[in-house]
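Biologist: I've got a model open and a pile of labels to go with it. Can we go through where the labels come from?

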Amino acid sequence: MNLMYLLQMTDSTFPVGTFSFSNGLETASHTGIVHDAESLEQYTRSVARQGAFSDGVAALLAYRAAKKGDAGRVIEIDKELMLFKMNDEARMMLQRMGKKLAELAVKLFPDNRIISDWLGAIRTETTPGTYPVAQGLAFAASGLGEDELFASHQYGVINMVLSAALRCVRVSHYDTQLILQKLCAESDALYKEAREMNFEDMNSFVPEMDIFASLHEKGNMRMFMN
């Protein structure tokens, strides 16, 4: 049953809106920085590392707080992660996907008080409602482990970029699947680092990503929301 839950929440058809976002790839492609399979692999690896040591850490912390029934800590983690984001589009992505997952999680786990209270706090704008925190709460409710949570988070980050690449970079499904295989194999090492981190240890130094975001906010391309 745990495997089925993991497959469900990692599936690309899971209705949280990942197809609407590219993690900056649209701008990177338009400017020619990402233009083939090799540059796509480098870009996606940067996104995966950034996600592991920021959103991935927050997801793990939220998971642990949910396991302890600490609703106050969940909201603290949610707010701290939002402060960590430097551009509007990154914040928009986390909030839109987070609220969708919270609304879905209430349906999937109707007796879970932590999730229902957190969704209520989102609706009253007491907390931003970020996607990694929603993932942490959903995985805690499902009985899955935090290593499975991190694997799902990383898979989602990587797959979001690669799915977008099929629409805006000259690569094939063979290229993207090979990149996916390579980067997923690196996730275990990232988890071993991320699981020891707290907010003070979170890092996300990929300045090109914020430049892409600023260009996208002012640009005319809108195939994706970021």
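Biologist: Sure thing to start with: what pLDDT does the chain average?

Modeller: The chain averages 88, and 91% of the residues score at least 70; pLDDT is the predictor's confidence in each residue, from 0 to 100. This is a predicted model, where local features need pLDDT of at least 70, side-chain atom pairs count only at pLDDT 80 or more, and totals for chains, interfaces and linings use all residues. Residues are numbered from 1 along each chain as its sequence is written, and side-chain values use heavy atoms, with hydrogens and water left out.

Biologist: Which elements have the lowest and the highest mean pLDDT?

Modeller: Helix α12 (residues 207-218) has the lowest at 70, and helix α4 (residues 55-67) the highest at 97. Where pLDDT is low, the predicted coordinates should not be read in detail.

Biologist: How many helices and strands does the chain have?

Modeller: Twelve helices and zero strands, counted as DSSP runs numbered from the N terminus (H or I, at least four residues, for helices; E, at least two, for strands).

Biologist: And why is the chain called as compact as a globular protein of that length?

Modeller: The radius of gyration is 17 Å, close to the 17 Å that the globule rule gives for 226 residues, so the label fits. The radius is taken over C-alpha atoms, and the rule is 2.2 Å times the number of residues to the power 0.38. Those C-alpha atoms fill a box of roughly 45 × 35 × 30 Å along the principal axes.

Biologist: What makes α8 oblique to α9?

Modeller: The axes of α8 (residues 131-142) and α9 (residues 146-168) come within 10 Å and cross at roughly 140°. Axes are lines fitted to C-alpha atoms, for helices over the stretch in contact, and angles run from 0 to 180 degrees between N-to-C directions. Under 35 degrees is roughly parallel, over 145 roughly antiparallel, 65 to 115 roughly perpendicular and the rest oblique, so α8 is oblique to α9.

Biologist: Which residues meet there?

Modeller: Gln135, Gly136 and Phe139 in α8 meet Glu148, Leu149, Ser152 and His153 in α9, where contact means heavy atoms within 4.5 Å.

Biologist: Why is α1 called roughly antiparallel to α8?

Modeller: The axes of α1 (residues 2-10) and α8 come within 11 Å and cross at roughly 160°, so α1 counts as roughly antiparallel to α8. Asn2, Tyr5, Leu6 and Met9 of α1 make the contact with Ala138, Phe139 and Ser142 of α8.
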